[in-house]
Amino acid sequence: MSNTIACFVAILTGISVAAGCKKGTAIPYEPYEEHIRLENATDSALYAIYKEYQTKIIYRWDRRYITADAFASPPEYELVLPYVENVLRKLFIAPYDRQKADFMRANMPIEMILFGTKMNYVEGDERNFSASGVAYGLSRVIVTGVNGYDLKDGAWLRNQYATLHHEFAHVLDKKYGRPEAFDKVSEGKYAGGTSYAVYSQAEARSRGFWRNYGMSNESEDFASWVDGIVTTPKAKVLDIVAQNDLLQQKYKIVYNFYLDKGIDLHELQAYLQSILDNL
Amino acid sequence: MKRINLYITCAWCAGMLVLAACKKVTTTLPPKPLPPAIDSLAVSYKALLTANTAGWYMLYQPSDAATATAIRIQFNQDNSTSIVAGLKGYHEEKNDGSYSFDGEYSLQLVFSDNTVFGELTRRWNGFNKFRITLLENGEFALRRADGFDNKTILLSKVTPAHTQVLNDQVQAIYGQIALEAATREKLQALIGAQPGYYFNNLLLENFGAYLEGIDTATNEITLKWRPEGSATAVSTTLHYDLFPGGITLEPAIHYGGYTIDSLYFGAFDDGAIEIVSSGNAGAGKLGWMHVPPYPYQTAITGAPAGYTTADFFIRHGELPRFYGYTLDDMDTYYSPALQPYIQDLKDYFVSQGFKADEIFRLQFYNNNYNGGSLPDDHATRNQLQLLVRNGAGSSTWQVFFYDLQQHGPNHVSMVSFGTSGSSSAPYKDKVVEFMNEIFTPEGFTVVPAGRNGTAATALQQLRLVSRKDSRIWILLLVANFPTPIYFD
């Protein structure tokens with residue numbers, strides 16, 4: 001009996017070893033080689049942004065970037081390069097990176113989608129609403145109005161950089177979290193289910209908002225304060241926030257939120273103005 | 001029992017053998033090179049930068065508006081720099097600057113603000129921080145760290161060719177400085193000039209401003225002008241730079257369709273520098289002169305819109321008349337240059353038996369017609385009346401007639417008819433001689449000169465300033481109209 005068991009064990013072992021020894025072939029390692037074809041100046045400019053800030057500037061039209069009830073047009077190809085070089089670099093990236101080394105490398109959204117026109121909502125609850133930009137979390141920002149590119153058009157330029165800094169405020173808000181105290185300042189004073197547009201500027205200011213659009217919700221409130229400060233001279237901002245304590249509180253929170261990260265919003269505004277004056 | 005243990009041992013060995021046999025061949029990845037840490041990269045770059053004692057060279061053009069500046073940098077072990085640049089003010093070696101490294105994701109080379117990079121940042125929106133990467137050939141590639149543009153600037157070991165470029169720029173600066181000396185001398189002459197003229201202006205064919213000051217220490221010029229379409233003058237301080245032919249203004253002045261970005265100097269003469277050209281605003285002068293740079297503010301109350309000081313002084317076809325007069329204080333009512341003429345006239349009347357040393361005043365009555373007692377006669381409508389006491393101590397009014405012509409909003413000329421009231425006839429020649437001496441064909445500017453007090457009924461004051469020689473002027477108090485007309 002014992003010999004039988006021994007034989008069984010020996011046979012089983014032999015079969016297992018024979019099966020187990022059947023070696024597989026190693027998958028050969030082929031290092032990934034980047035085959036970037038930069039065929040023109042636009043490619044090079046976008047690639048440089050990508051390498052430096054890890055941000056993709058996307059101009060190719062894709063309908064999925066906007067909701068079904070909104071309409072927009074793609075950017076004109078010829079305008080993409082000057083827009084990136086003169087608006088994105090000079091009026092968006094440089095103002096931050098001059099103050100804090102590598103700030104934009106750390107914080108720029110992963111994707112910036114360029115639209116030629118604004119996003120126009122013509123159906124549904126946001127009837128007749130036009131959006132200048134959209135921030136999706138901290139990863140994607142849609143910038144509109146590229147087809148209006150004209151460095152001599154002060155109103156267009158101001159609207160562009162106001163939008164860029166507004167949407168970027170959303171990015172920083174999502175990434176770092178705006179201070180809780182900010183949301184409490186105007187608690188109960190937001191538009192709620194009402195359209196913000198029914199409130200006058202004076203009413204909005206009396207409730208602690210930079211402008212009535214900020215009454216939409218706390219996030220827009222925060223971002224509209226940022227675009228307000230970076231488009232308004234410091235002295236005027238201080239005059240405005242002196243109007244009431246609610247404005248004063250929010251101003252201090254927003255200003256210090258940025259200052260804590262190495263960015264003085266007033267300095268940023270002054271720089272933007274100097275660039276505009278010399279474009 | 002021993003047998004069972006043997007079986008277990010065999011089974012375990014077999015199992016291990018199976019496991020060993022089953023071990024598949026796997027792909028082994030090559031070790032992934034890790035990028036050097038920023039700090040260690042900075043150490044290695046500093047070693048390379050300081051090792052080259054001959055220095056490094058770069059050609060930096062911060063913006064399209066600026067020319068490329070050649071810069072030679074010696075990086076020292078103590079983080080100080082020795083820099084020579086082809087930029088005025090930095091063209092001689094400066095040793096008070098420093099360098100450092102910054103950056104979280106990529107290494108940045110930072111020059112201190114007191115180096116040429118600080119100046120390029122302030123004046124041409126350059127930047128003093130650069131992302132730095134070592135190239136295979138030993139050069140460094142620099143790019144602005146603020147992302148303002150994507151241009152690469154090479155930082156190379158100095159070669160004779162680099163030195164030549166830098167020397168050419170430096171020599172050009174020395175040449176420029178020599179030529180600018182003449183420009184600087186003219187500005188110094190203007191600043192030191194005290195001809196006593198009433199107006200200090202930048203007056204061009206198509207632009208006028210008051211010159212409020214020149215600061216040669218800060219290279220600033222302050223001008224005050226009225227922007228097109230505005231009634232309010234604004235004082236503005238501009239930066240200027242010398243060039244061999246004059247000065248450039250930064251920012252340029254924009255006035256309507258005119259842009260004044262530079263002033264090309266001619267000769268300095270009689271308290272002013274001739275301006276040969278000025279952008280597209282024409283020629284003119286900078287400095288002391290006899291006329292204002294632009295018309296004065298029109299009446300702010302009591303008169304129709306656009307009513308000028310000349311309108312007010314002449315009152316052509318308007319009633320009531322204009323009545324402006326001096327009082328007795330010589331220093332208040334007569335310019336120093338005019339006082340000898342007044343004194344001479346006073347002395348004359350004293351010699352004629354008047355007590356002119358007690359009271360002697362000039363009174364101007366224009367459009368002096370009340371529709372009744374005075375004739376509606378052109379030849380007698382405008383009068384200079386000398387209020388002077390006679391020998392008995394009674395006031396007398398010696399009347400002399402003149403004509404008035406308006407040449408501009410504030411520009412009036414007076415011509416004596418050579419006639420007088422009957423009682424004044426004996427003194428006519430002397431007074432007419434005085435009038436012709438003072439009121440020349442060039443005329444005078446009617447300058448609003450504030451009020452004689454702060455009360456609501458305070459009198460408007462006007463100053464008649466000679467356009468031939470603005471050192472001659474008379475200050476008049478203007479009698480209140482039923483509805484006062486005020487200019488300021």
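Begin by selecting B:Arg131 in this predicted model: the residue stands opposite B:Arg143 in strand E7 of chain B. Keep B:Arg131 selected and add B:Gln108, which stands opposite B:Arg131, a residue of E6(B).

**The strands around B:Arg131**

Widen the selection to strand E5 (residues 108–111) and strand E6 (residues 129–134) of chain B, which run antiparallel and are joined by 3 bridges. Next add E7(B), which pairs with E6(B) in the antiparallel sense over 5 bridges. The hairpin of E6(B) and E7(B) has 5 residues between the strands, and B:Gly138 takes a positive phi near 95° there.

**Aromatic residues of chain B**

Display the aromatic side chains. Over all chains, a search of the whole structure finds 47 aromatic pairs. Select B:Tyr45 and B:Phe140, whose ring centres are 5.1 Å apart and whose planes stand at 65°, so this pair is edge-to-face. B:Tyr45 belongs to helix H2 (residues 38–51) of chain B and B:Phe140 to strand E7 (residues 140–144) of chain B, so the pair ties together parts that are 95 residues apart in sequence. Both B:Tyr45 and B:Phe140 are buried.

Move on to B:Phe207 and B:Tyr255, an edge-to-face aromatic pair with 5.4 Å from centre to centre and 70° between the planes. B:Phe207 is in strand E10 of chain B and B:Tyr255 in strand E13 of chain B, so parts that are 48 residues apart in sequence are tied together by this pair. B:Phe207 counts as buried because its relative accessibility is 3%, whereas B:Tyr255, at 23%, counts as partly exposed.

For a group of rings, select B:Tyr60, B:Phe75, B:Tyr99, B:Phe101, B:Phe111, B:Phe117 and B:Phe130, which form one aromatic cluster.

**The barrel and its helix**

Now show the strands of chain B from E9 to E16. They form a closed barrel of 8 strands, in the order E9-E10-E11-E12-E13-E14-E15-E16, with antiparallel pairing. From one strand to the next, the twist averages 35°.

Within the barrel, select strand E12 (residues 234–243) and strand E13 (residues 246–255) of chain B, an antiparallel pair with 5 bridges. Here B:Phe243 stands opposite B:Gly246 in E13(B). Then add helix H4 (residues 160–192) of chain B, which packs on the sheet and touches E10 (207–215), E12, E13, E14 (258–269), E15 (272–277) and E16 (284–289) of chain B. The direction of H4(B) makes about 145° with that of E12(B).

**Two packed helices**

Select helix H7 (residues 339–351) and helix H9 (residues 428–438) of chain B. Their axes come within 11 Å and cross at roughly 175°; H7(B) and H9(B) are therefore roughly antiparallel to each other. On the H7(B) side, show B:Tyr341, B:Ile342, B:Asp344, B:Leu345, B:Tyr348 and B:Phe349, which meet B:Lys430, B:Val431, B:Phe434, B:Glu437 and B:Ile438 in H9(B). This contact has 8 nonpolar, no polar and 3 charged residues.

**A final stop in chain A**

Turn to A:Tyr59, in the loop between strand E1 (56–58) and strand E2 (70–71) of chain A. A:Tyr59 is partly exposed, with a relative accessible area of 23%. Leaving aside residues up to four places away in sequence, A:Tyr59 touches A:Thr42, A:Asp43, A:Leu46, A:Pro75, A:Tyr77, A:Val80 and A:Leu114. Finally, select A:Ile113, which is 54 residues from A:Tyr59 along the chain; the C-alpha atoms of these two residues are separated by 6.0 Å.

Key
Residues are numbered from 1 along each chain as its sequence is written. Chains are lettered from A and ligands numbered from 1 in the order in which they are written. This is a predicted model: local features need pLDDT of at least 70, side-chain atom pairs count only at pLDDT 80 or more; totals for chains, interfaces and linings use all residues. Side-chain values use heavy atoms; hydrogens and water are left out. Two strands pair if DSSP finds at least two bridges between them. Helices (H or I, at least four residues) and strands (E, at least two) are DSSP runs, numbered from the N terminus. Axes are lines fitted to C-alpha atoms, for helices over the stretch in contact, and angles run from 0 to 180 degrees between N-to-C directions. Contact means heavy atoms within 4.5 Å. Angles under 35 degrees count as roughly parallel, over 145 as roughly antiparallel, 65 to 115 as roughly perpendicular and the rest as oblique. Ala, Val, Leu, Ile, Met, Phe, Trp, Tyr, Cys and Pro count as nonpolar, Asp, Glu, Lys and Arg as charged, and the others, Gly among them, as polar. Rings of Phe, Tyr and Trp (its six-membered ring) pair if their centres lie within 6.5 Å; planes under 30 degrees apart count as stacked, over 60 as edge-to-face and the rest as tilted. Buried means under 20% relative accessible area, exposed over 50%, partly exposed in between (1.4 Å probe, protein chains only).
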